[in-house]
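Me: I have just opened this model and would like a close look at one part of it: how the strands pair and what sits against them. Could you take me through it in one go, residue by residue where that helps?

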Amino acid sequence: METVVGLHRNHFGEIISFVTSGGRIISYQKALLETANGDIKGVQATEDHDGKLILSPELEHTFDQYPNLF
């Protein structure tokens, strides 16, 4: 099972894609789907205050500790 090892942010600082331990670069939406299917561990899909699904690390509050990989 893969984990998230890095991410890509846009020029606004928003996460747009993730880098997995398998070397794949997947979009935020694909990461949401794979997390819901149990294919990626270490992250969870939760609803924000607007009811939108968002990803967050299971053991941390934000992805700030993850490297921004290109």
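Reply: Happy to. Let's start with one bridge pair: alanine 45 has leucine 55 in E6 as its bridge partner. That pair belongs to a ladder in which E5 and E6 run antiparallel and are joined by five bridges. The two strands make a hairpin with five residues between them, and in its turn glycine 51 has a positive phi of about 85 degrees. Please keep in mind throughout that this is a predicted model.

Now to the open sheet. Four strands build it, in the order E3-E2-E1-E4, and the pairing is mixed. Its edges are E3 and E4, each of which pairs on one side only. H1 packs on this sheet and touches E1, E2, E3 and E4, with its direction at about 90 degrees to that of E3.

The mixed pairing can be followed from E1. With E2, E1 pairs in the antiparallel sense over five bridges, and leucine 7 finds its bridge partner in E2, namely phenylalanine 18. E1 and E2 also form a hairpin with five residues between them; glycine 13 in the turn has a positive phi of about 90 degrees. With E4, E1 pairs in the parallel sense, over two bridges. There, threonine 3 stands opposite lysine 41 in E4.

Let's go along E1, which covers residues 2–9 and includes glutamate 2. Is glutamate 2 buried or exposed? Glutamate 2 counts as buried because its relative accessibility is 17%, and the cut-off for buried is under 20%. Its side chain reaches the backbone nitrogen of glycine 22 at 3.2 Å. Not counting residues up to four places away in sequence, glutamate 2 touches Thr20, Ser21, Gly22, Gly23, Arg24, Glu34, Asp39, Ile40 and Lys41.

One residue in that list, glutamate 34, takes us to the helix, since it is found in H1. Glutamate 34 is also buried, with a relative accessible area of 9%. Its contacts, again without residues up to four places away in sequence, are Glu2, Arg24, Ile26, Asp39 and Ile40. Two buried glutamates therefore touch each other here, one at 17% and the other at 9%, and each appears in the contacts of the other.

Glutamate 34 has company in H1, where Tyr28, Ala31, Leu32 and Thr35 are buried too. What covers the buried residues of the helix includes E1, E2, E3 (25–27), E4 (40–41), E5 (43–47) and E6 (53–57). So the cover named there takes in the strands of the open sheet as well as both strands of the hairpin we began with. After H1 comes glycine 38, whose phi is positive, near 80 degrees.

Next, the nonpolar core. The largest one has 13 residues, and Val4, Leu7, Ile15, Phe18, Tyr28, Leu55 and Phe63 touch the most other members. Two or more residues come from each of E1, E2 (15–20) and H1 (28–36), and H1 gives the most, with three. Leu7 and Phe18 are both in that group, and we met them above as bridge partners; Leu55 is there as well, and it was the partner of alanine 45. In soluble globular proteins, nonpolar side chains tend to be buried together.

Valine 4 shows some of these links. Leaving aside neighbours within four places in sequence, valine 4 is in contact with Phe18, Val19, Ile40, Lys41, Val43 and Tyr66. Two of those names, Phe18 and Tyr66, return in an aromatic cluster, where ring pairs link Phe18, Tyr28, Phe63 and Tyr66. The count of aromatic pairs comes to three.

Last, valine 19, which has its place in E2. Valine 19 is buried, at a relative accessible area of 11%. Apart from neighbours within four places in sequence, it is in contact with Thr3, Val4, Val5, Gly6, Leu7, His8, Arg24, Ile25 and Leu69. For a sense of distance towards glutamine 29, valine 19 lies 10 residues from it in sequence and 13 Å from it in space, C-alpha to C-alpha.

Definitions and conventions. Residues numbered from 1 in each chain as written. Predicted model: local features only at pLDDT ≥ 70, side-chain atom pairs only at ≥ 80, totals over all residues. Heavy atoms only, no water. Buried < 20%, exposed > 50% of the residue type's maximum accessible area, 1.4 Å probe, protein only. Polar contact = N/O pair within 3.5 Å; in protein donor to acceptor, adjacent residues only side chain to side chain. Contact = heavy atoms within 4.5 Å. Phe/Tyr/Trp six-rings, centres within 6.5 Å; stacked < 30°, edge-to-face > 60°. Core = buried A, V, L, I, M, F, W, Y, C linked by side-chain atoms within 4.5 Å. Pairing = 2+ DSSP bridges. Axes fitted to C-alpha atoms, helices over the stretch in contact; angles between N-to-C directions.
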